Amino acid sequence: MAKYLLLKHYRGGPTPLYDVPMDQWTPEEISAHVQYMRDFAARLEETGEFVEGQALSPEGTFVRYDGEGRPPVTDGPFAETKDLIAGWMVIDVDTYDRALELAGELSAAPGAGGKPLHEWLEVRPFLNEPPTISE
Amino acid sequence: MDEAVLRTLTPAVIGILVRRGVDFATAEDAVQDALVEAVRAWPTDPPRDPKGWLVAVSWRKFLDVARADTARRRREALVEVEPAPGPSEPIDDTLALYFLCAHPSLTPASAVALTLRAVGGLTTRQIARAYLVPETTMAQRISRAKRTVSGVRFNQPGDVGTVLRVLYLVFNEGYSGDVDLAAEAIRLTRQLAARIRHAEVAGLLALMLLHHARRAARTTADGRLVPLAEQDRSRWDTRLIAEGVQVLQNALARDRLGEFQAQAAIAALHADARTAEETDWVQIVEWYDELVRLTDSPVARLNRAVAVGEADGPRAGLAALAGLDPALPRYAAVAAYLHERDGDLPIAARLYAEAARSAPSLPEVEHLTRQAARLNALLRR
């Protein structure tokens, strides 16, 4: 039992195999893609492995503390940011191999032309509770 | 009303329904519904016979479901026949449930969830919270597990080994929710040990008791990990230690050594030392040798290297480490510790930092980062 984050990047991963931006797809292709993601999540709920999924707006603001009594400083958005996270899904699975298998399936979501996107997904383990038995 | 008492009745009541001809999955659902009703009703209207009450209400819940479910003719027929009440004190039903819920066809996560619900009497919501997943996910995991074992005959002797692995997981890998999973694992293992004479069941119970005894000393109030050598031993629970040692001695007397007894023996030797300096590391190394022989586990070899380092010096510990895969979880942490003991602070600092990056839990990340920082501060002086 271990939780993994399947992280979807707009940018920042290895070079994508197919790089047609989504706004160049047909509306039907977009619908098919969205449906695939929904079905995937529903299937994981049935297997008892789904924790959550979220998508992020591409534009964000950087914020930092600026000293006592002053409002926080904001910066951005930065159109040229190297890494851009699109969204994630959290799964709770028995093994690391199962996490890889599921990430592979999610990466097969259809893109332009209805063919699998082959997009790179990042698999990151969550930090757990420390085990009780330590020696 | 004591919820714990209510929960101890769960497996026996499921067993009674199954003996009356209800399939396991349906019986388990009916008893869950009855438990929920008991939690609501008992505080104001406590029954004279809690178990009889649970059987009656579970049976009624089952009838409600069966009547509503007109599509299932077989159950309807069963309802009309209205079977004679089963024996009220079936001896092996609880044991049978342990085996069923840890059936080898189940994945570990499913077996854990099913065991906590059907044997432990926890609600789906409590289990979901304990494992930080949504309730719908946990409900699906449980119903899927029930479908997986639907073809398995009830009351068949099963595999004690898989039951023990499930209980070990509940004890060792829980989150800290509103359910105390370690205490629950001990309760379930104790209940199992009372039903089956088996050296490894006793060994696992002893292992749990001896580690649970240290719980108050394992972390500071703000959640920092305290290594075994630095723990305030006056905070160890001597009553649990005494019980653990007793259970272990009885187990070892059966002369059927297994990995849980060996691990418990190591924990007992730690418990026996009034100070860290008094630890009998030579005997601990001997038990690790047994453990390695029994399991051939790389994790046991890694822990053995730590013990060898204490018994024969850090160089011997590092020699014991050689040949192990550096990709093993906690390898870098062990290597860092042994190098520090050997006086090689730059390497130790680097290894602690490396260990922090690959540590599987946040308290360990923080602990190892502090170790690296401590050595780096010394090196700057």
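A salt bridge is a side-chain nitrogen of Lys or Arg within 4 Å of a carboxyl oxygen of Asp or Glu. The model is predicted, so local features need pLDDT of at least 70 and side-chain atom pairs pLDDT 80 or more, while totals for chains, interfaces and linings use all residues. Residues are numbered from 1 along each chain as its sequence is written, chains are lettered from A in the order in which they are written, and side-chain values use heavy atoms, without hydrogens and water.

**Exercise 1.** State how many salt bridges the rule finds across the interface of chain B and chain A, and describe one.

*Solution.*
Step 1. The rule finds 2 salt bridges across this interface.
Step 2. One of them joins the side chains of Arg214(B) and Glu135(A), at 3.0 Å from N to O.

**Exercise 2.** Describe the side of chain B that touches chain A by its helices and residue classes.

*Solution.*
Step 1. Helices are DSSP runs of H or I with at least four residues, numbered from the N terminus.
Step 2. Helices of chain B that each supply at least two residues to this side include H7 (108–119), H9 (135–148) and H21 (362–380).
Step 3. H9(B) gives the most, with 5 residues.
Step 4. The residues of this side divide into 22 nonpolar, 12 polar and 6 charged. Here Ala, Val, Leu, Ile, Met, Phe, Trp, Tyr, Cys and Pro count as nonpolar, Asp, Glu, Lys and Arg as charged, and the others, Gly among them, as polar.

**Exercise 3.** Give the extent of the interface of chain B and chain A in residues and area.

*Solution.*
Step 1. In contact (heavy atoms within 4.5 Å) are 40 residues of chain B and 21 residues of chain A.
Step 2. The buried area (accessible area, 1.4 Å probe, lost on putting the two parts together, summed over both) is about 2600 Å².
Step 3. Carbon and sulfur atoms give 53% of that area.
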